[in-house]
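Open the model in your viewer and keep the selection tool at hand. The stops below are given in the order in which to select them.

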Amino acid sequence: MKKCVFAGTFDPPTLGHKDIVQKCLDLFDEVIVAILINPNKKPLFTVEQRLNMLKKVFASYKNVRVLSYDGLTVDLLRREGVRYYVRGIRNGTDYDYEAQLNFINVDMYKEMITLFFPTRQEYLHISSGLVKDALRFHKNVDKYIPEEIREVLNGYLKEAENHV
């Protein structure tokens, strides 16, 4: 069984993320979508909220598994028995950053193979960071996020406003 890991913060999940997972499904029997708990980032949504959103996005995909982890991605790959690590690429800046990480990761896990998947042209401008910025200013982001999470994402935002 061929498996891959697609990891990120997914804060929040975007149409670009969904596009990359759908490409993975053409090649792999199982796709593990893994939320990295990164202490260097200040996410807008909790890990539980992001897990919930990803599970909703991929609820109809039997061969997509969603989880969260902390630590190094190479350790997650080993633990899951996976060699293939997928990274979504929007532009040259993404590629340069991911290529540098790849050299370090492969040094720590020689069997690992990193695959770079370009996103579709219509999603090149979408990033979680830009979506978060728009959300902070109460702008509609429906055309940037999967339909499956539009309602729940708006619910999280209303809940956060009520606690301010």
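Start with F10, which is buried at a relative accessible area of 2%; buried means under 20% relative accessible area, exposed over 50%, and partly exposed in between, with a 1.4 Å probe and protein chains only. This is a predicted model, in which local features need pLDDT of at least 70 and side-chain atom pairs count only at pLDDT 80 or more, while totals for chains, interfaces and linings use all residues. Residues are numbered from 1 along each chain as its sequence is written, and side-chain values use heavy atoms, with hydrogens and water left out.

F10 sits in the loop between β1 and α1. Helices (H or I, at least four residues) and strands (E, at least two) are DSSP runs, numbered from the N terminus. Phi of F10 is positive, near 50°, and the residue is not a glycine. In the same loop, between β1 and α1, select P12. The peptide bond from D11 to P12 is cis, with omega near 0°. Most residues other than glycine have a negative phi, and most peptide bonds are trans.

From D11, go to K132: the two are 121 residues apart in sequence and 7.5 Å apart in space, C-alpha to C-alpha. K132 belongs to helix α5 and is buried, at 15% relative accessible area.

Next, select β1. Six of its six residues are buried, so β1 is largely enclosed by the rest of the structure. K3, V5 and A7 lie on one side, and C4, F6 and G8 on the other.

Which strands pair with β1? β2 (residues 30-36) runs parallel to β1 and is joined to it by six bridges; two strands pair if DSSP finds at least two bridges between them. To find the register, select V5, whose bridge partner in β2 is I32. With α1, these two strands make a right-handed β-α-β unit: with the strands pointing away from the viewer, the path from the first strand over the helix to the second runs clockwise. β1 also pairs with β4 in the parallel sense, over three bridges, and here C4 has Y84 as its bridge partner.

Move on to β4 (residues 84-89) and β5 (residues 113-118), which are parallel and share six bridges. V86 has L115 as its bridge partner in β5. Between these strands the chain passes through helix α4 (residues 92-108), and this β-α-β crossover is right-handed.

Just past the pairing, select T119, in the loop between β5 and α5. T119 counts as buried, at 11% relative accessibility. Its side chain makes a polar contact of 3.2 Å with that of D19; such a contact is a pair of N or O atoms within 3.5 Å, where, within protein, one must be able to donate a hydrogen and the other to accept it, and residues adjacent in sequence count only if both atoms are side-chain atoms.

End at H138, in the loop between α5 and α6 (150-162). Is H138 buried or exposed? At 61% relative accessibility, H138 counts as exposed. Its phi is positive, about 60°, although H138 is not a glycine.
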